[in-house]
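Keep the sequence and the model side by side as you read. The paragraphs below go from the contact between the chains to single residues.

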Amino acid sequence: MKHVISVTVENKPGVLAHISSLFAARGYGIDSLAVGETEDPATSRMTIVTHGDDQIIEQITKQLRKLISTLKVQDLGETEYIERDLVLVKVNVASGKRGEILEIAQIFRGNIVDVGLKDLVVELSGHESKILAFIELLKPYGIKELVRTGSIAMARGAK
Amino acid sequence: MRKIGADIFVDALVKEGVEYIFGIPGAVIIPLFDKLLDSPVKLVLTRHEQGAGHAADGYARASGKVGVCIATSGPGATNLVTAIATANFDSVPIVAITGQVRTPLIGNDAFQEADMTGITRTITKHNFLVKDVCDLPRVLKEAFHIARTGRPGPVLVDLPMDVSLGQCDLDYPDTVNLPGYKPNYKGNDRQIKLAAEAINASKRPVLYVGGGVIISESAPEVFELATKASIPVTTTLLGLGAFPETHPLALKMLGMHGTAYANYAVTESDLVIAVGARFDDRVTGRLDAFAPEAKVIHIDIDPTSISKNIRVDIPVVGDAKGSLQALLPLVRQATHPEWLEKIDNWKKQHPLVYKPCGLKPQYVVEQIYEATKGEAVITTEVGQNQMWAAQWFKYSRPRQFISSGGLGTMGFGLPAAIGAQFARPDAVVFDIAGDGSIQMNIQELATAVKYKLPVNIAILNNGFLGMVRQWQELFYRKRYSGTILGDANPDFVKVAEAYGADGIRVTTRDEVRPAIERAIASPRPVILDFAVESEENVFPMVPAGEAINKMMGGMA
């Protein structure tokens, strides 16, 4: 089962390596991992999307807490949370199809961030399910390139 | 005078109370060795960095203090890897200092460069690469703190040469600030109350005690709990000595080569009280058949150990000592006459046995026990020698038995005996070895000779990699692939003499005791080469993956 785990860590060299080594050494999967500085430049926050049964997820969160450089580990599955993924899609524009593609982008509230003669680049953020639906709709036109950030997530309400 | 990194390093060792540092120099670590020469910290020069690491480990296990080892960059540092992994598996506090190439060269494939923080990331409790000399006091303070607190473990500090030579005037700090590291020492009161209720309600309880009891110095609390509520005690390999094996409540070791009565008791118990143990697969055997009728209480300082292999009913995350102290007043006195009688019958029906003919390895271990009146510090190599050492010596005190449990490192015993002898200069120290294992770090005999350490090495020489041979005999139709050593073993007596140690060959049963007495009396290191029966097996044995009450062999 999919789990989104939010990990606040010290913003120091080697911390990302410690976390990814932990997952690799113990055979846990990482579906996506996004990391960046927080409101406090001394800390970074990672959003790790992983999967496993309850026992594995419990081990993952305990093992993450055990690392010296982790400050806080939260399994967001235990709370209400907001999750966002960002995608850039470079899609083929065959003659006469430009309007259709722009319409799809508009429905999904995507932004056109680059326009060429034969392609355009759409930026879209949202929950993973929305991203996946968007990609499915663009596939028939021919996706030339696609890049995703992986999910970032935050619990709702007061910190 | 301005301080350089090497001064900060030596100052840290002194402030941390380090007596000995085990290691070998090399190019980039010369600045540290230079400062060690004028410091009160005594350098123990080993003959291989792996030996330095295991010696620091043996010192730490025998003393309870942090062991320190030092090696140069590249091959010196990578030679420490097995020793670091050994200490990590068995929760031994060591600080490993490795030299590193100068910071501008890092990542450039410089001479003798190895990415040590990368290599040791998953086999250390924590590691550091120090890039600025002014970080060094803080890092060293944190390294010692992390190594010895919580669930102890090895910490590696990688020190580039320009950092060792760089100048900084910062003093060694008195405190650490590690917001992400707060080991939970105090067990939850409500959980402890639940544990007490379960103990008071139990009719067939068993204490299952591991190395955590020795690390946290809580053997007296275990003794009090066991005797107050009449709870039989079985220990893991690393828990040997946590409860006196001469006591009527002692069940000795459980698991793959445990006693039949320990394995039966756990299997039929209605309550397993695990303290400082981690339900290793060599202990549990087939998981779904482990203590099938029992509730499980698990006291451990490391939350990741809890419910990892076995579902735990009452977890208590905390230091064993404090948790047991809180638990004791809540536990009622009990006698469990039926349960103890049942166990006594198992003890009578299924004692550890061997056929008393020829020169048996079990007899050698028994005689070491007798000759030292059970007082010796025993280190072991890994394999049959280790299991016989565990079975046939009666351990009664913590830190008396020193062995590589989790990683199972052959070549551990001799350097660990050296470290233990430094920690306990007045103790009689025996490394119980095999002819295979001893050759994996035999060069450390030179270290024992150089420092005039009277360590005794009892080689149970059967001419085989015995434990693997035993598996091949039992499960591979005696196809001895890669396990025959006897055709090319050296003459161990001559090896001992060549190093300046004593060597004694023993070929008959009658010679065993006098040879052991001579070794104990000798002020020099001694190799005792016991030509034991070559195809003796370690029994009882639970085949890997089988339930622990399904034992083969050795049942009287």
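**A walk through the two chains**

Start where the chains meet. In this predicted model, 13 residues of chain B are in contact with 16 residues of chain A. On the chain B side, the touching residues divide by class into five nonpolar, six polar and two charged.

Turn next to chain A. Its secondary structure consists of four helices and nine strands. Read from the N terminus, the order of elements is β-α-β-β-α-β-β-α-β-β-α-β-β. The C-alpha trace of chain A spans about 55 × 35 × 35 Å along its principal axes. Chain A has 159 residues, and 24% of them are buried. How much of its contact network links residues 24 or more positions apart? Among contacts in chain A with a separation of 6 or more, such pairs account for 74%.

Now move to chain B and its helices. Helix α3(B) covers residues 49–63, which is 15 residues. From first C-alpha to last, α3(B) reaches 21 Å, close to the 21 Å expected at 1.5 Å a residue. Is this helix mostly covered or mostly exposed? It is mostly covered, with 14 of the 15 residues of α3(B) buried. Right after the helix comes Gly64(B), with a positive phi near 85°.

Two helix pairs in chain B deserve a look. The first is α9(B), residues 189–201, with α14(B), residues 320–327. Their axes come within 9 Å and cross at roughly 60°. That angle makes α9(B) oblique to α14(B), because roughly perpendicular begins at 65 degrees. The crossing of α9(B) past α14(B) is right-handed. From α9(B), the contact uses Ile192(B), Ala195(B) and Ala196(B). From α14(B), it uses Ser323(B), Ala326(B) and Leu327(B). By class, this contact holds five nonpolar residues, one polar residue and no charged ones. The spacing along a helix matters here. Residues three or four places apart point the same way, because an α-helix has 3.6 residues a turn.

The second pair is α16(B), residues 361–371, with α17(B), residues 384–392. Here the axes come within 9 Å and cross at roughly 50°. So α16(B) is oblique to α17(B). This crossing is right-handed. Which residues of α16(B) meet α17(B)? They are Pro361(B), Gln362(B), Val365(B), Glu366(B) and Tyr369(B). On the α17(B) side, the partners are Trp388(B), Ala389(B) and Trp392(B). The contact of α16(B) with α17(B) has six nonpolar residues, one polar and one charged.

Finish with backbone details in chain B. The peptide bond from Phe539(B) to Pro540(B) is cis, and its omega is near 0°. Pro540(B) sits in the segment after β18, which covers 526–531.

Two residues other than glycine have positive phi values: Lys252(B), near 60°, and Ser307(B), near 60°. Lys252(B) belongs to strand β9 of chain B, residues 250–253. Ser307(B) lies in the loop between β11 (295–300) and β12 (314–317). Why does Lys252(B) count as buried? It has 20 other C-beta atoms within 10 Å, and 20 or more is the cut-off for buried. Ser307(B) has 18 other C-beta atoms within 10 Å, so it is partly exposed.

Conventions
Residues are numbered from 1 along each chain as its sequence is written. Chains are lettered from A and ligands numbered from 1 in the order in which they are written. This is a predicted model: local features need pLDDT of at least 70, side-chain atom pairs count only at pLDDT 80 or more; totals for chains, interfaces and linings use all residues. The expected span of a helix is 1.5 Å times one less than its number of residues. A residue is buried if 20 or more other C-beta atoms lie within 10 Å of its own, exposed if 12 or fewer, and partly exposed in between; C-beta atoms are placed from the backbone. Axes are lines fitted to C-alpha atoms, for helices over the stretch in contact, and angles run from 0 to 180 degrees between N-to-C directions. Angles under 35 degrees count as roughly parallel, over 145 as roughly antiparallel, 65 to 115 as roughly perpendicular and the rest as oblique. A crossing is left-handed if the near helix is turned anticlockwise from the far one by less than a right angle, and right-handed if clockwise. Two residues are in contact if their C-beta atoms, placed from the backbone, lie within 7 Å. Ala, Val, Leu, Ile, Met, Phe, Trp, Tyr, Cys and Pro count as nonpolar, Asp, Glu, Lys and Arg as charged, and the others, Gly among them, as polar.
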